[in-house]
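Hi everyone, thanks for coming. Let me put the structure up on the screen, and then I'll walk you through it.

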Protein chains: 2
Amino acid sequence: MSRRRVTLADLAQAAGVSRTTASLVMTGRGRELRISHDVEQRVLRAADELGYRPNAVSVGLRTGTSRTIGFVSDTVATSRLAGDMIKGALEAARERGVMLFIGETEGDPELERGLLHAMQDRQVDGLILASMYTRTIKVPKDVGPAVLLNALPKTASDLPSIVPDEVEAGRAAARVLLDAGHRDGIYLIGVGPELGDVPPRSVAARERLVGIREILGEAGVKIAGGRMFVDWLPEEGSAATADLLEQHRPKALICLNDRLALGAYHALSDAGLDVPGDVSVVSFDDHPIASWMRPKLTTVALPHYELGRKAVEVLFAQMGEETGQGEIHRVPMPVRHRESVAAPRV
Amino acid sequence: MSRRRVTLADLAQAAGVSRTTASLVMTGRGRELRISHDVEQRVLRAADELGYRPNAVSVGLRTGTSRTIGFVSDTVATSRLAGDMIKGALEAARERGVMLFIGETEGDPELERGLLHAMQDRQVDGLILASMYTRTIKVPKDVGPAVLLNALPKTASDLPSIVPDEVEAGRAAARVLLDAGHRDGIYLIGVGPELGDVPPRSVAARERLVGIREILGEAGVKIAGGRMFVDWLPEEGSAATADLLEQHRPKALICLNDRLALGAYHALSDAGLDVPGDVSVVSFDDHPIASWMRPKLTTVALPHYELGRKAVEVLFAQMGEETGQGEIHRVPMPVRHRESVAAPRV
DNA sequence: TCGCATCGCTAATCCGATTTAGCAAAGGGA
DNA sequence: TCCCTTTGCTAAATCGGATTAGCGATGCGA
């Protein structure tokens with residue numbers, strides 16, 4: 001179908017110079033190594049006419065660098081929630097002329113090993129080890145330059161981490177309610193009011209709660225109660241809220257994610273309560289449904305796109321420096337003010 | 001950090017044989033080329049001890065094949081809707097020991113060219129050209145082995161296409177209502193009742209409508225009306241349904257996608273109508289929200305995962321045969337029976 | 001005019017594998 | 001004993017570039 005690719009040898013012949021000269025010109029080292037302007041122009045013109053593009057595989061073999069990075073995740077690549085993470089990484093990579101390999105481990109260590117090997121065998125310049133939900137992961141040995149995305153190292157590691165700033169997000173959610181004038185009747189959906197009442201292994205749950213408690217505590221506001229659930233699904237949000245309503249009359253709900261909030265909406269609606277007239281709702285994640293719900297949900301957004309970008313940026317910085325410092329980069333989670341929060345009814 | 005990789009030369013030396021012999025053994029051609037069992041075992045053992053893995057870049061240079069395919073899309077890679085497409089492709093690729101490059105063009109032809117070049121420069125064995133929404137695309141020249149995913153060639157092309165079977169999906173949706181006993185008061189949300197009343201360039205809209213009309217027509221059932229909207233967003237579903245309710249009293253709604261259905265739910269609820277008691281709703285896509293809605297939405301699912309898998313399968317078949325035939329592979333769209341359809345009220 | 005530095009370019013090697021062609025030793029037949 | 005196969009392995013070429021070392025021509029100062 002397509003005729004043979006144009007190689008450096010073809011280019012050199014067309015320009016009437018040696019392969020060395022052609023290479024020097026094409027890599028931009030012609031000046032430095034005293035190639036005459038005349039010859040340089042001849043090579044450049046020939047390259048343009050022939051449509052010469054260096055074979056990246058060959059360059060990779062010779063230089064040991066492939067202008068390629070690997071994006072390995074448990075399942076994030078295909079999660080609807082976090083596709084933006086890939087997008088951010090993709091764009092940041094493109095800006096640097098780098099391609100992205102992706103792979104999923106599905107939590108299987110065997111798969112992970114195979115995947116990392118396959119990428120290393122292809123001489124990736126660096127790796128992004130991503131996780132669907134923020135959590136701690138065991139860092140593989142000898143991965144070369146790498147960053148953790150949406151994940152923290154389980155044991156001390158010199159790999160940098162990029163994670164959403166969940167504590168600050170918790171503070172922000174609490175401030176949203178305080179700013180609206182709420183001082184009591186604030187309940188939590190997804191976690192209990194105490195620091196111990198969080199789903200195990202959920203960094204987001206723990207940190208969000210820390211932030212919430214900190215700000216409410218500072219304001220002298222007491223959390224009226226909460227319901228802990230592990231998976232944070234809509235049904236759980238419904239159940240938690242319905243259960244709550246049997247005994248209490250909440251004025252505001254902090255739902256630990258948008259799916260819980262969706263369920264909470266349903267339960268509130270069933271109870272004939274109006275959002276935000278009777279009950280204000282604030283949530284986390286900014287899942288697409290948040291802006292489809294009625295009323296539109298005020299929520300603290302997971303900055304997926306920014307996380308992805310940042311991962312690539314940090315990875316490149318690290319590749320330059322060669323000094324892994326295990327730094328933790330926290331990406332701000334912006335509040336999306338919408339329609340689900342109002343002043344408490346007097 | 002990590003010591004130098006073990007090369008074939010290291011392996012040969014450790015086993016006390018030539019690089020040729022080591023290579024023959026490792027590529028499994030030892031038998032064929034008369035390497036003694038004894039030597040073979042020695043090489044194998046050494047390889048195991050040293051942890052030898054061939055450098056894929058070098059192999060790629062020598063053999064011209066990279067065990068890598070490229071997944072180029074307009075924006076599908078990061079769309080929440082279609083991440084499953086990637087997942088299907090990823091798994092099918094892994095089963096074949098192949099890695100996946102991904103890239104997004106965002107509809108920019110310049111970006112697309114650059115991306116295709118970057119992939120070809122890296123000697124990908126094949127390409128998947130994917131689209132977010134089913135549509136016709138202009139096929140780039142000289143791409144080598146490739147398949148179109150969720151897309152059809154704008155002009156005649158010998159590249160195979162993999163698309164969801166939208167016409168059959170339309171038939172299925174119509175049958176769902178017929179089977180439930182509906183014979184009149186069936187309205188369309190998202191397209192008009194006539195074949196001309198569809199958003200331009202939307203293959204899905206056109207084909208779904210064709211299927212719907214075919215089955216209803218065969219049953220002697222007339223479509224009572226419809227409302228055409230271009231973007232199929234929740235607000236449009238609300239608006240369309242509200243508008244409809246001003247003049248008509250529908251018994252069933254065929255929403256052209258789940259977001260429209262979500263909006264329709266809201267409008268029906270506002271009008272005090274019960275789903276499915278007063279109005280049955282059937283939809284398309286099986287977006288995640290479909291099972292979060294109340295009542296859960298009966299919808300004809302886009303088989304994203306299967307589309308992705310199929311793309312890789314067809315690509316490999318094509319790479320084997322060298323005979324692009326421009327075949328169109330239609331992947332079935334299964335009905336997800338849930339709670340939004342009931343017999344019409346008598 | 002000779003010697004040396006500079007200029008402008010190229011030959012040769014290397015990266016790490018695969019593959020072709022062929023060599024030395026052993027075996028077999030006449 | 002001589003010649004021809006077969007066996008078992010290896011030297012060398014190759015893929016397409018980057019890089020090192022160096023070569024011939026020119027210019028300049030003494």
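Let me start at the surface near DNA strand D, where the residues divide into ten nonpolar, eleven polar and four charged. For those classes, Ala, Val, Leu, Ile, Met, Phe, Trp, Tyr, Cys and Pro count as nonpolar, Asp, Glu, Lys and Arg as charged, and the others, Gly among them, as polar.

A quick word on the ground rules. This is a predicted model, in which local features need pLDDT of at least 70 and side-chain atom pairs count only at pLDDT 80 or more, while totals for chains, interfaces and linings use all residues. Residues are numbered from 1 along each chain as its sequence is written, chains are lettered from A and ligands numbered from 1 in the order in which they are written, and side-chain values use heavy atoms, with hydrogens and water left out.

Back to DNA strand D. Which residues come nearest to this strand? Of the 25 residues around it, they are Leu8(A), Ser58(A), Arg62(A), Thr21(B) and Ser36(B); a residue is near a molecule or strand if one of its heavy atoms lies within 4 Å of it. Looking from the DNA side, 46% of the strand D atoms within 4 Å of the protein belong to sugar or phosphate, and the rest to bases.

Now some polar contacts, meaning pairs of N or O atoms within 3.5 Å; within protein, one must be able to donate a hydrogen and the other to accept it, and residues adjacent in sequence count only if both atoms are side-chain atoms. A polar backbone atom of Leu8(A) is 2.4 Å from a phosphate oxygen of DNA strand D. Ser18(B) also uses a polar backbone atom, 3.0 Å from a phosphate oxygen of that strand. Asn55(A) has a backbone N or O atom 3.4 Å from a sugar or linking oxygen of DNA strand D. As for elements, two or more residues each come from α2 (19-26) and α4 of chain A, together with α2 (19-26) and α4 (56-63) of chain B. Helices here are DSSP runs (H or I, at least four residues), strands are runs of E (at least two), and both are numbered from the N terminus. The largest share near DNA strand D, four residues, comes from α4(A).

Let's turn to DNA strand C. Of the 26 residues around this strand, Thr21(A), Ser36(A), Leu8(B), Ser23(B) and Arg62(B) come nearest. Here 49% of the DNA atoms within 4 Å of the protein belong to sugar or phosphate, with the rest in bases. Thr21(A) places a polar side-chain atom 2.5 Å from a phosphate oxygen of DNA strand C, and a backbone N or O atom of Ser36(A) lies 2.4 Å from a phosphate oxygen. For a base contact, look at Arg62(A): an N or O atom in its side chain is 3.0 Å from a base oxygen of DNA strand C. The largest share of the surface near DNA strand C, five residues, comes from α4(B). By class, that surface has ten nonpolar, eleven polar and five charged residues.

Next, the two protein chains. How many residues does each chain bring to the contact? Chain A gives 55 and chain B gives 55, with contact meaning heavy atoms within 4.5 Å. About 5200 Å² is buried between chain A and chain B, and carbon and sulfur atoms give 58% of that; buried area is the accessible area (1.4 Å probe) that two parts lose on being put together, summed over both.

Across this interface there are eight salt bridges, each a side-chain nitrogen of Lys or Arg within 4 Å of a carboxyl oxygen of Asp or Glu. One of them joins Arg294(A) and Asp270(B), at 3.0 Å from N to O. The chains also share 26 residue pairs in polar contact, both residues at pLDDT 80 or more. On the chain A side, the elements giving two or more residues are α4 (56-63), α5 (83-95), β2 (99-104), α6 (109-121) and α10 (258-270). That side divides into 22 nonpolar, 17 polar and 16 charged residues.

Do zoom in on β2(A), please. Three bridges join this strand to β2 (residues 99-104) of chain B, and the two run antiparallel; strands pair if DSSP finds at least two bridges between them. Leu100(A) stands opposite Ile102(B) there.

One last stop, within chain A. Arg309(A) forms a salt bridge with Glu95(A), the closest N and O atoms being 2.8 Å apart. Arg309(A) sits in helix α11 (residues 304-321) and Glu95(A) in helix α5, so the pair ties together parts that are 214 residues apart in sequence. Thanks, everyone!
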